Amino acid sequence: TSCVPYRPLSSLQAFLRGRPGVEFIQAHDISQGRWVKGGLESERYQYYYPFNYRTQRRLFEWATERQREFGIRRAMPQGVNVHFGSQWFCLTRATAAGVAAGLNQPAWRRWLRWSWIPDEFAVQTLVAQLCPRSAIANHNLTYYEFDAQGQPLVLENGHLSHLMAQPFFFARKVAPEAQSLLQEMDEHTRHEEVDLAYFSRAGQPTAAYARHLA
């Protein structure tokens, strides 16, 4: 289960009202270092992807290798400096409108049509173009963590205390069978929070994830 709220709406509203004009999105400039922990990164927008990764894996990998072998590079929209980030974000209305307009430009539509996993760089790149760096939080409001192989932490029954220590408002991923945890999260959202000190740490998970890797 993805993007489950575990903080009350009143807390989210208070957090956002205290930070007007901030875009809560990751927008990592990959010219300054990798964002993807493993696998394809710049290739996602440089190559053509006519085959489905899940249902046509052999063709997908064959086409990728041939394009790497022959040095194929697709043309990018003029002036684009690609930024990567997670698929979960919270944007101001003005920036969201600007992103929608940018995605509707013919050059962008052509560029993204043959890309792979564009939801991890299309919006992020446009936000970086539209907004000054000081207005981009460079983190989102959804809690998730991945290990070195890119496998996500799956929250199970018994993880409530770990989750409540995380300074976020939504959680991903909750195991489908973790009904007790889902009920506890739902119950917490029904009551106003007294302690809002986690606001100052928003977007920064604790170091406790390692003990869940097993």
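Colleague: What makes up the lining of the second largest pocket, by class?

Modeller: In this predicted model, that lining has four nonpolar, four polar and two charged residues. The residues are A27, H28, D29, Q32, H83, A128, C131, R133, I136 and N138. Asp and Arg count as charged, so D29 and R133 make up the charged pair.

Colleague: How do you know that A27 lines the second largest pocket?

Modeller: A lining residue has an atom within 4 Å of a pocket point, and A27 is listed among those that line this pocket; therefore A27 has such an atom. The space in the second largest pocket is about 240 Å³.

Colleague: What is the volume of the largest pocket, and which residues lie nearest its centre?

Modeller: The largest pocket has a volume of about 1,200 Å³. Its lining holds 37 residues, with W35, E120, Y144, F146 and G150 nearest the centre. By class the lining divides into 15 nonpolar, 15 polar and seven charged. Glu counts as charged and Gly as polar, so E120 belongs to the charged class and G150 to the polar one.

Colleague: Why is the set that includes Y45 and V82 called a nonpolar core?

Modeller: Such a core joins buried residues of the listed types through side-chain atoms within 4.5 Å. Y45 and V82 belong to the largest one, of 20 residues, so both are buried, at under 20% relative accessible area. α6 (122-130) and α5 (106-113) each supply at least two of its residues, and α6 gives the most, with four. Another core, of 15 residues, lies apart from it and includes Y6, L153, L163 and A178.

Technical notes:
Residues are numbered from 1 along each chain as its sequence is written. This is a predicted model: local features need pLDDT of at least 70, side-chain atom pairs count only at pLDDT 80 or more; totals for chains, interfaces and linings use all residues. Side-chain values use heavy atoms; hydrogens and water are left out. On a 1 Å grid over the protein atoms alone, a cavity is a set of points where a 1.4 Å probe fits but cannot get out, and a pocket is an open set with protein on both sides within 12 Å along at least five of seven lines; lining residues have an atom within 4 Å of a point. Grid points are joined across faces, edges and corners, and a volume is the space filled by probe spheres set on the points. Buried means under 20% relative accessible area, exposed over 50%, partly exposed in between (1.4 Å probe, protein chains only).
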